[in-house]
Amino acid sequence: MSTPTPRVADIRLQVMWNRLLSVVEEQARALVRTAFSTSAREAGDISAGVFDLDGRMLAQAVTGTPGHVNSMARSVVHFIREFPVETMKPGDAYVTNDPWKGTGHLYDIVVTSPAFHKGKMVALFSCTTHVVDIGGIGFSPDGRQVFHEGLFLPLLKMMSEGTIDENVMRIVRANVREPVQVEGDIHALIGCNGIGERRLSDMMTENGIDDLDELGAHIIEKSRAGMVAAIDRLPRGTWKGHMRIDGYDNPIDLHTSVTLAGDHIAVDYTGTSGTSAFGINSPMCYTEAYTAFGVKCVVAPTIPNNAGTLDSILVTAPDNTIVNAPWPAAVNARSTIGHMLPDVCYDALHKVLPGRVPAEGTSNLWNLKLGAGHGMTGTTSNSRPFMVTTFHSGGAGARPTLDGLSATPFPSGVRNVPVEITETIAPLVVWKKEYREDSGGAGQHRGGLGQVMELEHREGAAFGIFATFERVKHPARGRDGGKPGANGRLSLASGEVMKAKGFQTIPAGERLVVEMPGGGGFGDPAKRDRASVERDVRLGLVSKEKAKAEYGVEED
């Protein structure tokens, strides 16, 4: 049999690469379809990927979030340092929710498993999901140390040759408020890695390969080369960005310097505010994850994400800053910071790449993390205890040539959870969920709209909210003359304004009103075409008053 030409060999490797992407996508879909919590099965707040024996990510599923995917990409190295690959056996699985070695907070559980083909270990599969509860004070930024925030699972062996360690599971069940959901999610994590292993073995058999050495090297080298080529086309130099956000008790300043260096991009956060006394700090792994994602979206969005692309973006931050928080800092709501980092980088990149980056959006998710129970919302209620996380978002920033997406989460990419699901699993009624008129920032291209939700306890009882909201005091800024989006607001239907962060109780018989922020506009509002403004008014997205005041358009 003749040796294939380099061109034919490359095509063959590309076919296998595409197949590997299908393998990890099926891995992720298996997790979504078997998970118990709404975070995974409704919102898609997961990640899934395959790694070589050195812990380098070769492929990731499209299903998932950047914060999980890119931090998981670094976490596998921690597993194999603790449990060398030569000690792993078929049916083994390892677990952690260490915020500094996993994906940033205790609510994300990472499971990593070896993959065997013909009796030989050829890869590792890893996956992550956000669980509904992990004990402690609940999903609140009120904690002062990670010890307050729930059960901490160090790097552990969870399963040996197909047998789950029941002692670990007993510890988990005893420390969470929703043991069935959390245990079910852990089984789903283990199971999806098994699906990945079987599909990988099928792919290797079909293609007649016994290891991933050549394919892995091809994936990383081609991806790295693609990133270098994309970066090399950009101007060289350093540009700075800044954004001020609400914080917990004091405003936070996020500063960045973005250096385009020809063969790599360096992002540094020197000048950023120090760590917070509350649980809004971001571990470095999470900072790296969202920074790399935001930059790659602009520079090389079409190149598959793997170790080759991630190694082209170097992220640094001084110790003890809010973007590089050390153990044992409280980190429950680390997304409060992490989700803002692409916008900070875009403030710098816009100066060198005009017309390539969007205006600021809500960025921070406006998830409703709700619960009730003894000692949490009183001691005399007969209503059943519950914990639920329902994912929702304000508006995204306007794009250079298009309006911003309404009620759409960027950069996280999670899906909004249908209200019917929330009402099924928790004793809640959602009375309103609609676009928030006039919330999108005015511009030649309008910012995405936020949404308004109104809900109450079905039995008229008290319930609590673990608030972690941003853009209440400092709205999403417009770009190139675009106007800012509307500020967010949390209140009771009776009119009392609630805090944007921290656990609070909605009294019995009251309704919670959540007004989510809008995205910033892009370009001078005077340049927006009249037909678009009239359409917005007709659809109830923009009021007649705003159409006249911001766009100079009056109804005929």
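Student: What is the accessible surface of the chain, and what percentage belongs to carbon and sulfur atoms?

Tutor: The accessible surface is about 21100 Å², with 51% belonging to carbon and sulfur atoms; the areas come from the Shrake-Rupley method with a 1.4 Å probe, and for residues only the protein chains shown count as cover. This is a predicted model, in which local features need pLDDT of at least 70, side-chain atom pairs count only at pLDDT 80 or more, and totals for chains, interfaces and linings use all residues. Residues are numbered from 1 along each chain as its sequence is written, and side-chain values use heavy atoms, leaving out hydrogens and water.

Student: Why is the chain called as compact as a globular protein of that length?

Tutor: The globule rule is 2.2 Å times the number of residues to the power 0.38, and the radius of gyration is taken over C-alpha atoms. For 556 residues the rule gives 24 Å and the radius of gyration is 24 Å, so the chain is as compact as a globular protein of that length.

Student: What makes strand E16 largely enclosed by the rest of the structure?

Tutor: Buried means under 20% relative accessible area (1.4 Å probe, protein chains only). In E16, residues 463–468, 6 of the 6 residues are buried, so the strand is largely enclosed. Phe463, Ile465 and Ala467 are buried on one side, and Gly464, Phe466 and Thr468 on the other.

Student: How do you know that E16 and strand E18 pair?

Tutor: Two strands pair if DSSP finds at least two bridges between them. E16 and E18 (residues 501–506) have 6 bridges, in the antiparallel sense, and Phe466 stands opposite Phe503 in E18. Strand E12 (residues 368–372) also pairs with E16 in the antiparallel sense, over 2 bridges.

How values were computed. Buried < 20%, exposed > 50% of the residue type's maximum accessible area, 1.4 Å probe, protein only. Helix = DSSP H or I, 4+ residues; strand = E, 2+ residues; numbered from the N terminus.
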